[in-house]
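Please look through the structure shown below with the report beside it, taking the headings in turn.

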Amino acid sequence: AAMTLVNYYLGLAIERWSQWRTLSLITAIAFDLAVLGFFKYYNFFVESANTLLSSIGWTISMLDIVLPVGISFITFQALAYVIDIYRGETRSAKNIWEFALLTAFFPQLVAGPIIKARQFLPELQKKVILKRENLLQGGQLFMLGFFRKVMIADRLALFVDTVFAAPQDYSTVTLWLVTIAYAIQIYCDFSGYSDMAIGTAKCLGYDSPINFNVPYRSRSITEFWRRWHISLSTWLREYLYIPLGGNRKGKLRQYLNLMIVMLLGGLWHGASWNFVLWGGLHGVALATHKFYADYLRSRLQIPPSLHTVLAWLVTLLFIGLTWVLFRASDFAIASAMVKKMFALTDTAGINWYATSLWLSLPAMVLADYFGVLINQGVWLKLNRFSEWFWLWFWLLGFLLLAPNNPQPFVYFQF
């Protein structure tokens with residue numbers, strides 16, 4: 001409520017009072033970041049500070065803070081709103097209720113996609129009519145997201161959670177398999193939520209931007225971030241990377257900007273040094289790819305088809321290994337896993353060739369195929385018996401095959 005009131009009235013000040021534009025913008029940004037910083041990062045920074053202060057006998061008290069629902073996504077949407085008004089890219093909401101709906105639109109509140117005012121506010125000017133086509137497309141997109149989450153991600157969670165709890169007990173082969181399993185789990189879990197959020201909004205008559213575009217087809221880390229969590233990567237590019245100078249101030253500055261953006265992006269994901277390092281590694285990878293594309297690609301005489309395969313494999317390997325850092329609860333577990341995966345320690349342990357992993361691979365590919373079709377406007381129109389048959393076949397499949405271990409969405413913690 002406080003963020004809604006403050007950003008709405010400061011947005012009006014930016015738009016209407018030219019002499020107060022810059023001060024109003026700075027105040028809004030400072031307020032939003034202060035709220036996010038206190039609730040999400042206070043204890044993280046205090047704990048880090050206490051590690052340094054312990055040598056001189058000082059400590060700062062920790063607080064028992066309850067993290068508000070959706071705080072990360074609300075903050076980014078509020079920041080985009082006031083910045084876009086300042087840039088002249090959008091008008092302020094017509095009234096506080098419109099902005100309140102933008103701030104707390106329930107389908108995507110907890111895990112995105114991040115919706116900008118210039119995308120959402122025009123939708124509010126439409127007459128709200130519940131249409132059969134919207135219900136069919138939105139409902140089927142919701143069911144696809146439900147399939148990704150329940151039938152793929154939650155099944156893999158049984159394998160992933162068990163191994164990550166005690167990776168030292170499992171063999172090298174199993175650790176590689178669980179790395180692949182987690183890469184599939186987090187993708188299906190997060191993209192499943194996005195599908196359900198976008199599908200729910202579509203049923204209500206609102207169009208939301210897609211958030212994933214088959215990211216594991218990427219042949220570079222740059223392409224990966226154009227396909228993965230698109231609303232976040234777009235936000236980071238528009239409101240951090242470009243204001244820092246983007247690629248307009250020389251190559252070294254571009255590489256530095258990429259590092260800064262990804263370090264902050266990693267910290268946004270959670271109050272842990274694991275996420276900071278994860279973001280830093282992706283920043284290094286983005287800078288390395290830019291350097292390779294600018295200076296080395298044309299000099300290497302690699303056949304195009306071979307280059308495509310190698311680029312895809314290297315990109316998948318890097319993403320998979322960094323997911324270990326993302327998933328592990330601390331550096332010790334991540335380090336132990338990576339060492340054992342590359343046979344730097346004893347490779348012995350329990351061999352677990354999880355059946356759910358082998359079933360999830362074709363299921364993920366099939367879900368991606370149907371997701372692309374639905375986003376292109378191809379869905380069951382339910383005008384024929386065969387289409388009704390497939391719908392009920394799908395629903396009965398959920399009923400009979402859904403696992404009995406409902407898991408919270410991975411991105412709920414952010």
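## Cysteines

Cys188 is buried, with a relative accessible area of 0%, and Cys203 is likewise buried, with a relative accessible area of 18%. Since this is a predicted model, these values should be read as computed from its atoms. For Cys203, the class follows because buried means under 20% relative accessible area, and the value for this residue is 18%. A disulfide is a covalent bond between the sulfur atoms of two cysteines. The structure holds 0 disulfides.

## The nonpolar core

Which residues touch the most other members of the largest nonpolar core? In this core of 111 residues, they are Tyr81, Ile186, Tyr216, Trp228, Trp323 and Tyr411. Helix 7, which covers residues 172-203, supplies the largest share of the core, with 16 residues. In soluble globular proteins, nonpolar side chains tend to be buried together.

Trp323 can be followed further: when residues up to four places away in sequence are not counted, Trp323 touches Tyr182, Ala183, Ile186, Tyr216, Phe224, Trp228 and Trp278.

## A covered helix

Helix 9, made of residues 230-241, is mostly covered, for 10 of its 12 residues are buried. Among the buried residues of this helix are Ile230, Leu232, Trp235 and Leu236, and also Ser231, Ser233, Thr234 and Glu238. The buried residues of helix 9 pack against helix 3 (71-87), helix 5 (117-120), helix 8 (221-227) and helix 10 (251-269).

## A nonpolar patch on the surface

Where nonpolar residues lie on the surface, one patch is formed by Val173, Ile180, Tyr353, Trp358 and Leu361, and together these residues have about 480 Å² of accessible area. The elements that give two or more residues to this patch are helix 7 and helix 14, the latter spanning 355-375.

Tyr353, a member of the patch, lies in the loop between helix 13 (331-341) and helix 14. Is Tyr353 buried or exposed? Tyr353 is partly exposed, because its relative accessible area is 48%, and partly exposed is the class between under 20% and over 50%.

## A buried loop residue

Ala166 also has its place in a loop, in this case between helix 6 (132-165) and helix 7, but Ala166 is buried, with a relative accessible area of 16%. Although Ala166 and Ile333 are 167 residues apart along the chain, their C-alpha atoms are separated by 8.2 Å.

Technical notes
Residues numbered from 1 in each chain as written. Predicted model: local features only at pLDDT ≥ 70, side-chain atom pairs only at ≥ 80, totals over all residues. Heavy atoms only, no water. Core = buried A, V, L, I, M, F, W, Y, C linked by side-chain atoms within 4.5 Å. Buried < 20%, exposed > 50% of the residue type's maximum accessible area, 1.4 Å probe, protein only. Helix = DSSP H or I, 4+ residues; strand = E, 2+ residues; numbered from the N terminus. Contact = heavy atoms within 4.5 Å. Patch = residues over 30% accessible without salt bridge, like charges linked within 9 Å, V, L, I, M, F, W, Y side chains within 5 Å. Areas by Shrake-Rupley, 256 points an atom, 1.4 Å probe, with all protein chains shown as cover. Salt bridge = Lys/Arg side-chain N within 4 Å of Asp/Glu carboxyl O. Disulfide = S-S within 2.5 Å.
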